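Subject: Structure handover

Hello,

Here is the structure I said I would pass on. My notes on it follow below.

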Amino acid sequence: MENNNNNNNAAALEQLNKFTRRKFTGDEVFIFPVILCDNEVDRDNERFSRKSLDEMAEKFVGVTGIFDHDPKGGNQTARIFSAEVVEESRENSLGEPYACIKANAYMVRTDSNADLIREIEGGIKKEVSVSCAAERHICSVCGTDRRVKACHHVKGRRYDGKKCFLSLEDISDAYEWSFVAVPAQVRAGVTKKFGEDIPEAEEVPKGTENKVNRDELEKSIRRALALRCPDGCAKQVFDRLCDKLEVGELEELGRILSAGKSTKTPERLEEYLMKV
């Protein structure tokens with residue numbers, strides 16, 4: 001048993017030293033496992049398919065770990081050196097084999113992170129969330145790609161007994177993973193991307209779930225602004241102006257943030273962008 005542990009430690013050190021400028025010994029680093037995400041429908045009524053998990057496992061090797069998705073260099077605390085998709089002998093809520101990404105991360109032991117290491121070992125710092133880009137958002141009810149056009153189905157609602165959620169497909173990039181207090185996924189927690197893409201308003205039937213759509217729009221924009229503007233200034237401006245913006249203007253702001261361009265700029269949005 002001791003020989004197996006030594007071999008495992010040696011293999012782990014060999015993997016993590018690919019990301020260091022010199023070789024580190026086992027006494028110099030703290031290694032810990034982390035579940036990044038799984039193929040279960042999460043609290044946001046979104047989920048990664050098994051294919052997406054396979055794509056993500058490869059892309060997250062070498063990716064840095066931070067806090068609360070705040071992309072500042074000073075927040076970098078750990079790095080993933082290996083990751084794989086693991087299936088368990090049970091099914092998820094969709095009747096598929098449950099699968100998750102299990103990764104190994106490391107940090108260099110220093111005086112400044114000694115308390116953090118103790119908190120990780122004690123189970124205080126535990127929940128994590130990932131930030132990545134999914135090229136397709138597939139509605140579970142009708143199969144529409146919400147990145148291309150809208151459908152009238154609302155996430156979390158049931159249609160003919162079938163719950164609506166978005167399946168996130170074709171993972172194109174992995175940005176970071178974070179320690180968070182309240183993750184979207186029960187077992188790991190997921191922040192899928194910089195900002196959700198907002199569907200075209202005119203393609204949604206009139207009068208369909210306006211309040212739900214507005215809540216989702218506001219949530220998406222706040223998430224995008226928090227990640228794109230680390231100092232929090234833009235998010236604070238949006239919070240002050242949010243109530244003054246119509247749903248169509250929120251949709252336009254969502255397109256500006258996700259695509260970087262817009263065909264038109266409503267008056268209040270122009271004022272908002274000038275302040276930002």
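Asp38 is buried, because its relative accessible area is 3%, under the 20% cut-off that the term requires. This is a predicted model, so please read every value below as computed from it. Asp38 belongs to strand β1, which covers residues 29-38. Its side chain has two polar partners worth looking up. One is the side chain of Tyr98, in a polar contact of 2.8 Å. Another is the backbone nitrogen of Glu40, which the side chain of Asp38 reaches at 3.1 Å. Tyr98 also has a charged neighbour: Arg90 lies over the face of the Tyr98 ring, 3.9 Å from the ring centre. A similar arrangement involves Arg22, whose charged end sits over the ring of Phe24 at 4.0 Å from the centre.

For orientation, the protein has 276 residues, and 47% of them are buried. Its secondary structure consists of seven helices and nine strands. Taking contacts between residues at least 6 apart in sequence, 70% join residues at least 24 apart.

Helix α2

Helix α2 spans residues 50-59 and includes Glu55. Is Glu55 buried or exposed? Glu55 counts as buried, because its relative accessible area is 18% and the limit for the term is 20%. The other buried residues of α2 are Ser52, Leu53, Met56 and Ala57. Together, the buried residues of this helix pack against β1, β2 (46-48), β4, β5, β6 and β9.

Leaving aside residues up to four places away in sequence, Glu55 touches Asp170 and Ile171. Glu55 can also be set beside Asp173: the two are 118 residues apart in sequence, while their C-alpha atoms are 9.2 Å apart in space.

Helix α3

Helix α3 runs over residues 114-121, and its buried residues are Leu116, Ile117 and Ile120. These cover an arc of only 100° around the axis, so they are on the same side of α3. What does the face turned away from that buried side carry? There you will find the exposed residues Arg118 and Glu121. The cover over the buried residues of α3 includes β1, β3 (64-67), β5 and β9. Just after the helix comes Gly123, with a positive phi of about 80°.

Strands β6 and β9

Strand β6 takes in residues 128-139 and is mostly covered, with 10 of its 12 residues buried. Its partner here is strand β9, residues 166-179, and the two pair in the antiparallel sense over 11 bridges. To find the pairing in the viewer, start from Arg136, which stands opposite Glu169 in β9.

Aromatic residues

How many aromatic pairs does a search of the whole structure find? The search finds six. One of them is Phe81 with Tyr106, a tilted pair with 6.1 Å from centre to centre and 55° between the planes. This pair links distant parts of the chain, as Phe81 is in strand β4 (residues 78-91) and Tyr106, 25 residues away, is in strand β5 (residues 97-108). Both Phe81 and Tyr106 are buried. Elsewhere in the list, Phe30, Phe32, Phe67, Trp177 and Phe179 form one aromatic cluster.

The loop between β3 and β4

Two residues in this loop deserve a look for their backbone angles. Asp68 is in the loop between β3 and β4, and so is His69. The phi of Asp68 is near 55°, a positive value in a residue other than glycine. His69 likewise is not a glycine and has a positive phi of about 55°.

Which of the two is buried and which is exposed? Asp68 counts as exposed, because its relative accessibility is 54% and the term applies over 50%. His69 counts as buried, because its relative accessibility is 9%, under the 20% limit.

If you want a short route through the model, begin with Asp38 and its polar contact to Tyr98, then move to Glu55 in α2, and finish with Asp68 and His69 in the loop between β3 and β4.

Regards

Key:
Residues are numbered from 1 along each chain as its sequence is written. Side-chain values use heavy atoms; hydrogens and water are left out. Helices (H or I, at least four residues) and strands (E, at least two) are DSSP runs, numbered from the N terminus. Buried means under 20% relative accessible area, exposed over 50%, partly exposed in between (1.4 Å probe, protein chains only). A polar contact is a pair of N or O atoms within 3.5 Å; within protein, one must be able to donate a hydrogen and the other to accept it, and residues adjacent in sequence count only if both atoms are side-chain atoms. Two strands pair if DSSP finds at least two bridges between them. Contact means heavy atoms within 4.5 Å. Rings of Phe, Tyr and Trp (its six-membered ring) pair if their centres lie within 6.5 Å; planes under 30 degrees apart count as stacked, over 60 as edge-to-face and the rest as tilted. A charge sits over a ring if NZ of Lys or CZ of Arg is within 6 Å of the ring centre and within 35 degrees of the ring normal. The arc is that of the directions from the helix axis to the C-beta atoms.
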